[in-house]
Amino acid sequence: GRSAALWSEVNRCGQNGDFARALKSVNKILQVSKDDVTALHCKVVCLIQNGSFKEALSVINTHSKILSSDVIAFEKAYCEYRLNRIESALKTIQSASQQTDKLKELYGQVLYKLERYDDCLVAYRDLIRNSQDEYEEERKTNLSAVVAAQSTWERVMPEDLGLRETTYELCYNSACALIGQGKLNEAMKKLRKAEELCRQSLSEDTDATEEDTEAELAIIHGQMAYIMQLQGRTEDALQLYNQIIKLKPTDVGLLAVIANNIITINKDQNVFDSKKKVKLTNAEGVEHKLSKKQLQAIEFNKALLAMYTNQADQCRKLSASLQSQSPEHLLPVLIQAAQLCREKQHAKAIGLLQDFAEQHPANAAEIKLTMAQLKIAQGSVTKACMILRSIEELQHKPGMVSALVTMYSHEEDIDSAIEVFTQAIQWYQQFQAKSPVHLSLIREAANFKLKHGRKKEAISDLEELWKQNPKDVHTLAQLISAYSLVDPEKAKVLSKHLPSSDTMSLKVDVDALENSHGATYVRKKAGKLTGDNQQKEQGQGEVKKKKKKKKGKLPKNYDPKVTPDPERWLPMRERSYYRGRKKGKKKDQVGKGTQGSTTAGSSELDASRTASSPPTSPRPGSAAAVSAASNVIPPRHQKPAGAPATKKKQQQKKKKGGKSGW
């Protein structure tokens, strides 16, 4: 009877959701029959409902003989999943003899956590097709989350699932998928719709608090700020990020992402703020909330921050750790190279990059671009060109051709520049003949050759262009111009192909053209000249005429028999015979004054006239006693050299000062 009563209590508590009380009753049952399968199963469920996953798993493992995998497979896998033992959860699910609906749901979640998105998509599609209950909306949300993840992390073009975006979660996931495709404006519209639906949904939910609303909106706002950042609106993004942080959301994953994004905005500026933000990325549980790529990005930024804050050893340690985790990844090596460059070890940095390029040919192009940049920084332009020309997959790109031609021109190596053009044109001739880029390159090559006097080579390029488009008058004109310098007869023959002047109806308003902003010379209108201006202009003209007629004036004391002074054009001070000006009488009188008068020099030696004594005003009439020698004393220390009476005043003042505790 007692056992039945306890079971009744367990049943009643379970229905009411009071699992702590139910657990007490179950434990009482197990005291009587410790190997009761149903009681043990109930105990595990109660522990899971109370969030005691470790304890529940411990019960499962210690009673593995009684609780067979078929009975307890879901509960065991769920505990492992909640304890972030995802690989173990997957094994538990796969080893279960019967795949129940509950296990299939959990399987989908596990695959998502393991970032196996293709398998996950198949699992959720199967679940949606074969399930009919109140959780259909949740499954569709999960399905849209998988598609968003594929778009964001794997750059997979998401397929249209045909889901009606009736909830803010579906709207948000759709926005994430659009961000992955680079459709930022559309994504922003979707997020605004998600925000509206979120407010509406939570206002209708009587249990939802203001904090719940803010927490849900924080995720949406965080994604809005990210779009702003991608669009280059960094100030707006920063403002919104900081607003979210001030709300102190409980989601450590959200905070870590926002903190990381702020660090990327700060770059090498505001490093003190970045150091504070790094703490948010180190919060407990972050590693279980974010994807591998997000965690990796955070680690990269920590290494860069260490470099910006001149923590060289820390930077090396972090980048080396990242390289060991992802040997094929480019960023750790680039960070190490950047750190070496900051330490002025360019040769070592280039060596490091060279080794990586040889070990990982797939990433060689980006590495070689960095190496070329370092060579240019060192002033080795020709070596930089050699490195760039070794990147075969970029040889024909217009940007690469332009860069190489500019660099070779700088080094005055015209032959190599022409060779770059020739190789690129040959590539297009083989793979994309007559494409706009191909023809554009031929024209650029011709212009370059004409500029550098390679007329015959330019003519062959221009003939090729004209052959492609015989109606191109501009090319024909260039061709005639080039031939006129090497073969005038050929130029005459070709000029017959030019359109006649009658067919060229050039209706040009000369006045409008001259007065336009683009005109380099603007003719002044006669009507606008005032009388004064006219006189001024005429006057200037007359002066110029007179200057031509006038003979050079000779000095009044000119003697044709005497040879002019060869140093006459030099200032007097700079002439070899200059002995300086004679000193005036007044200056000679310094120090010859009346008996008892003082000079500036003696006032400096007077112990009673220290810097700490207050400056006194000289008596009227004593100003002249400040002699010419006063310019020896710097202005701040200058003191008037007065008569002995002034000294007495100073001494009296000192005595007064002594009374106040000098």
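1. Let's start with a pocket. Seventeen is the number to keep in mind here: the second largest pocket is lined by 17 residues, and those nearest its centre are Lys102, Glu105, Leu106, Gln109 and Tyr135. Please remember as you explore that this is a predicted model.

2. Which elements build the wall of this pocket? Two or more residues of the lining of the second largest pocket come from each of α5 (69-82), α7 (101-113), α8 (117-130) and α9 (136-153). Helix α7 gives the largest share of that lining, with five residues. The volume of the second largest pocket is about 480 Å³.

3. What is the chemical character of the lining? Sorted by class, the second largest pocket is lined by seven nonpolar, six charged and four polar residues. You could colour the lining by class in your viewer and look for these three groups.

4. Now step back to the whole chain. The protein has 662 residues, and 34% of them count as buried. Its secondary structure is made up of 33 helices and zero strands. Among contacts with a separation of 6 or more, 48% join residues that are 24 or more positions apart.

5. One stretch carries a label from a database. An unreviewed UniProt entry lists residues 218-251 as "repeat: TPR". In the model, that stretch is 76% helix and 0% strand. The C-alpha atoms at the two ends of residues 218-251 are 9 Å apart.

6. Next, the loop that follows helix α9. Val156 sits in the loop between α9 and α10. Is Val156 buried, exposed or partly exposed? Its relative accessible area is 33%, so Val156 counts as partly exposed, in between the cut-offs of 20% and 50%. Leaving out neighbours within four places in sequence, Val156 is in contact with Gln150 and Ser151. Val156 and Gly180 are 24 residues apart along the chain, and their C-alpha atoms are separated by 8.4 Å.

7. Move on to helix α10 (residues 168-181), where you will find Ser174. With a relative accessibility of 16%, Ser174 is buried, because buried means under 20%. Which residues does Ser174 touch, not counting those up to four places away in sequence? The answer is Glu165 and Lys190.

8. Two residues are worth a look for their backbone angles. Glu115, in the loop between α7 and α8, has a positive phi of about 60° although it is not a glycine. Lys267 is also a residue other than glycine with a positive phi, here near 50°. Lys267 belongs to the loop between α14 (252-266) and α15 (271-281). At a relative accessible area of 53%, Lys267 is exposed, because exposed means over 50%.

9. Finally, the cysteines. How many disulfides are there? The count is zero, where a disulfide would need a pair of cysteine sulfur atoms within 2.5 Å. Two cysteines to find in your viewer are Cys120 and Cys315. Cys120 has a relative accessible area of 0%, so Cys120 is buried. Cys315 is buried too, with a relative accessibility of 0%.

Definitions and conventions. Residues numbered from 1 in each chain as written. Predicted model: local features only at pLDDT ≥ 70, side-chain atom pairs only at ≥ 80, totals over all residues. Heavy atoms only, no water. 1 Å grid on protein atoms, 1.4 Å probe; cavity = no way out; pocket = protein on both sides within 12 Å on 5 of 7 lines; lining within 4 Å. Points joined across faces, edges and corners; volume = space filled by probe spheres on them. Helix = DSSP H or I, 4+ residues; strand = E, 2+ residues; numbered from the N terminus. Nonpolar A, V, L, I, M, F, W, Y, C, P; charged D, E, K, R; others polar. UniProt positions renumbered as here; feature names shortened; annotations may be inferred. Buried < 20%, exposed > 50% of the residue type's maximum accessible area, 1.4 Å probe, protein only. Contact = heavy atoms within 4.5 Å.
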